Amino acid sequence: MSARMELTLARVDERITAVRAADAEKARRRPAPEPPQWWIEYGIGARRTPERVHTGDCPMSSRGRPATAASVREILLTVPDAVACPLCRPDSELGLLDT
């Protein structure tokens, strides 16, 4: 390889390093996304029915999807096997224990 090519290659490598460092700095400055307010945890298997509901910041939530308060309330009231997480108590947060 000629000296000119080596110099060009070195410049390209330096530029790539600089761009990657700038991208990493931008990523560090971005705030983390807000957690969802509610979370529905689904079972494993073909039916994947709702098993448990959580508040969005519950550390016990695992597989599932973000949800709305209305959908969490509906699941707690209509799905017989679905339960409220005993740790984060979404049923209490939604006022379902008062009714």
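Two strands count as paired if DSSP finds at least two bridges between them. The exercises below apply this criterion to a predicted model.

**Exercise 1. Determine in which sense β1 and β2 pair, and over how many bridges.**

Step 1. Strand β1 comprises residues 38-42, and strand β2 comprises residues 50-55.
Step 2. Five bridges link these two strands, and the sense of the pairing is antiparallel.
Step 3. Individual partners can then be assigned: Ile-40 is bridged to Val-53 of β2, and Tyr-42 stands opposite Pro-50 of β2.

**Exercise 2. Establish in which order the strands of the sheet are arranged, and which of them are edge strands.**

Step 1. Strand β2 is joined to β4 (residues 83-84) by two bridges, and these strands run parallel. The criterion requires at least two bridges, so β2 and β4 qualify as a pair.
Step 2. One bridge partner of this pairing is identified by residue: Val-53 is matched with Ala-84 in β4.
Step 3. The sheet is open and has four strands, in the order β3-β1-β2-β4, with mixed pairing. Its edge strands are β3 (64-67) and β4, each of which pairs on one side only.
Step 4. As general background, strands of a sheet pair through backbone hydrogen bonds, in either the parallel or the antiparallel sense.

**Exercise 3. Describe how helix α2 is placed relative to the strands.**

Step 1. Helix α2 spans residues 69-78.
Step 2. The helix lies across β1, β2, β3 and β4.
Step 3. Relative to β1, helix α2 runs at about 45°.

**Exercise 4. Identify what lies over the face of Tyr-42, and state how many aromatic pairs the structure holds.**

Step 1. Arg-65 is positioned over the face of Tyr-42, at 4.6 Å from the ring centre.
Step 2. The number of aromatic pairs in the structure is zero.

**Exercise 5. Classify Asp-91 and Ala-27 as buried, partly exposed or exposed.**

Step 1. Asp-91 belongs to helix α3 (residues 90-93), whereas Ala-27 belongs to helix α1 (residues 3-29).
Step 2. Buried means under 20% relative accessible area, and exposed means over 50%.
Step 3. Asp-91 has a relative accessible area of 12% and is therefore buried. Ala-27, at 43%, is therefore partly exposed.
Step 4. With neighbours within four places in sequence left aside, Asp-91 is in contact with Leu-76, Ala-84, Leu-96 and Leu-97. Among these contacts, Ala-84 is also the bridge partner of Val-53 in β4.

**Exercise 6. State how far apart Ala-27 and Thr-68 are, in sequence and in space.**

Step 1. In sequence, the separation of Ala-27 and Thr-68 is 41 residues.
Step 2. In space, their C-alpha atoms are 28 Å apart.

Key: Residues numbered from 1 in each chain as written. Predicted model: local features only at pLDDT ≥ 70, side-chain atom pairs only at ≥ 80, totals over all residues. Heavy atoms only, no water. Phe/Tyr/Trp six-rings, centres within 6.5 Å; stacked < 30°, edge-to-face > 60°. Lys NZ or Arg CZ within 6 Å of the ring centre and 35° of its normal. Buried < 20%, exposed > 50% of the residue type's maximum accessible area, 1.4 Å probe, protein only. Contact = heavy atoms within 4.5 Å. Axes fitted to C-alpha atoms, helices over the stretch in contact; angles between N-to-C directions.
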